[in-house]
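Please find below my notes on the model you sent. They are meant to be read with the structure open.

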Amino acid sequence: MNDAGPFTSKHSMYDASPAVALSAMREHQGPLLLDLDETLYLRNSTEDFIDCARPGLFALLLLRLLDLIKPWRFSGGEITRDWWRVRTIGLLLPWTWWRWRRRVGGLAERFLNRPVLQALQAHGEETWVLTAGFEPIVRPLIEAFGLQDRLRIQACAWNSPRDRRIGKLERALQLVGVDGVRRSLVLTDSSDDEPLLSTCARPLRVVWPQARYRRALSDVYLPLQYLTLVKRPGERYIVRGILQEDFAFWVLSTLALASHPLAHVAGLGALLLSFWAVYEVGYVDNDLVGARFEHDPKLSAGFYAETVATPPLAPWLWASASGIAAVWLLGWPQRPSMIPLASWAA
């Protein structure tokens with residue numbers, strides 16, 4: 001895991017056990033450059049900040065829109081994705097900052113890595129938190145730890161993606177210079193920090209057993225989330241299988257009969273959403289039954305790795321609402337009739 005997001009944990013030549021890392025921190029003579037997310041803080045500060053956004057459904061739709069548009073293609077690539085996510089939530093839902101400051105004390109109490117805290121308190125030289133997290137998110141967290149006088153903070157600016165682009169090695173060189181980096185101990189959980197690890201005196205990559213990555217807004221239900229993240233991860237099934245095949249067939253086979261094409265296409269889209277909201281429930285049930293009763297269930301890696309909201313009632317509410325909208329749009333401009341609505345419901 002990484003403070004920039006959910007990356008696969010790769011093996012590294014710098015891998016070390018927690019016990020070795022804690023001992024090395026106490027004994028090291030030189031600067032200490034310490035990662036934050038899933039190291040000093042056993043969660044991901046960026047995801048926990050976004051998780052404070054309300055209304056949750058609107059925030060989740062904003063994030064899904066960003067994932068569709070991928071504006072980070074023009075700002076340095078995937079490494080700047082979180083900058084776009086934090087900026088969007090911080091600007092469009094500005095009360096999220098207030099909610100974060102209210103929540104951060106409880107998170108700090110629960111997820112501070114206390115063995116690391118004890119080891120760094122025994123370290124007498126310069127200590128930096130060098131993180132890919134964002135300064136206005138990270139600073140309240142460090143203050144909640146009570147370490148604002150003990151640690152210097154070098155986090156990414158939230159008004160520019162530059163810090164994310166240049167990476168930790170360049171930022172460390174700007175902080176403590178070439179000699180400082182060469183004398184430093186670097187503690188991180190991410191193999192993506194290997195450029196920095198390969199330059200310092202004591203490189204330590206440690207995956208802490210208590211650390212957990214939790215995706216922001218994972219308790220908010222949205223249709224097709226389970227399909228995208230769990231059932232068919234990485235396949236772009238919504239675009240390739242649903243929109244380019246099913247939806248395209250519906251449109252091409254019926255559009256010539258429509259007197260109001262725009263309303264007709266929108267109605268078909270609502271009808272498709274209504275169908276898939278219920279069909280997805282079948283995927284959830286099938287996977288849960290397989291995991292419980294089958295000796296060798298055919299489950300994706302996402303089933304074990306992802307947390308996706310699967311409430312019992314919300315899919316049917318979505319299906320009902322979008323079904324009503326579909327019948328109204330497909331019959332436009334006439335008033336909706338109960339007969340086609342009952343037929344679809346049946």
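The points that follow cover strand pairing, the nonpolar cores, the salt bridges and one surface patch.

1. Status of the model. The coordinates are a predicted model. Every remark below should be read with that in mind.

2. Strand S4 and its cover. Strand S4 spans residues 185-188 and is covered on both faces. Leu-185 and Leu-187 are buried on one side, while Val-186 and Thr-188 are buried on the other.

3. Partners of S4. Strand S1 (residues 32-34) pairs with S4 through three bridges, in the parallel sense. Within S4, Leu-187 is the residue that stands opposite Leu-34. S4 is also joined to strand S5 (residues 202-205), again running parallel, by four bridges. Here Arg-202 of S5 is the bridge partner of Leu-185.

4. The largest nonpolar core. This core has 57 residues, and the members touching the most others are Leu-40, Phe-145 and Leu-187. Helix H5 (residues 95-111) is the element that gives the most to this core, namely six residues. A separate core of 16 residues lies apart from it; Leu-224, Leu-227, Val-230 and Trp-276 are among its members.

5. Surroundings of Leu-187. Which residues does Leu-187 contact, leaving aside its neighbours within four places in sequence? On the low-numbered side, the list includes Ala-21, Met-25, Leu-33, Leu-34, Asp-35 and Thr-39. The remaining contacts are Val-116, Leu-204, Val-206 and Trp-208. Leu-187 thus appears here as a contact of Leu-34, the residue it stands opposite in the pairing with S1.

6. A buried salt bridge. The structure holds 20 salt bridges. In one of them Asp-82 pairs with Arg-164, with 3.7 Å between the closest N and O atoms. Asp-82 belongs to helix H4 (residues 81-92) and Arg-164 to helix H8 (residues 162-183), so the bridge ties together parts that are 82 residues apart in sequence. Are the two partners buried or exposed? Asp-82 counts as buried because its relative accessibility is 2%, under the 20% limit. Arg-164, at a relative accessible area of 4%, is buried as well. Both residues also belong to a network of salt bridges that links Glu-47, Asp-82, Arg-85 and Arg-164.

7. A salt bridge within one helix. Arg-139 and Glu-135 meet through their side chains in a salt bridge, with an N to O distance of 2.3 Å. The two lie in helix H7 (residues 135-145), four residues apart, and so are separated by about one helical turn. Arg-139 counts as partly exposed at 34% relative accessibility, and Glu-135 is partly exposed at 28%.

8. A further pair. The side chains of Arg-232 and Glu-235 form a salt bridge at 3.7 Å, N to O. Arg-232 has a relative accessibility of 27% and counts as partly exposed. Glu-235 is likewise partly exposed, with a relative accessible area of 36%.

9. A nonpolar patch on the surface. Leu-65, Leu-68 and Ile-69 make a nonpolar surface patch of about 300 Å². Leu-68 is placed in helix H3 (residues 56-69). Why does Leu-68 count as exposed? Its relative accessible area is 63%, and the category requires over 50%.

Notes
Residues are numbered from 1 along each chain as its sequence is written. This is a predicted model: local features need pLDDT of at least 70, side-chain atom pairs count only at pLDDT 80 or more; totals for chains, interfaces and linings use all residues. Side-chain values use heavy atoms; hydrogens and water are left out. Patches are made of residues with over 30% relative accessible area and no salt bridge: like charges are joined within 9 Å, nonpolar side chains (Val, Leu, Ile, Met, Phe, Trp, Tyr) within 5 Å. Accessible areas come from the Shrake-Rupley method with a 1.4 Å probe; for residues, only the protein chains shown count as cover. A salt bridge is a side-chain nitrogen of Lys or Arg within 4 Å of a carboxyl oxygen of Asp or Glu. Buried means under 20% relative accessible area, exposed over 50%, partly exposed in between (1.4 Å probe, protein chains only). Two strands pair if DSSP finds at least two bridges between them. A nonpolar core is a set of buried Ala, Val, Leu, Ile, Met, Phe, Trp, Tyr and Cys residues joined through side-chain atoms within 4.5 Å. Contact means heavy atoms within 4.5 Å.
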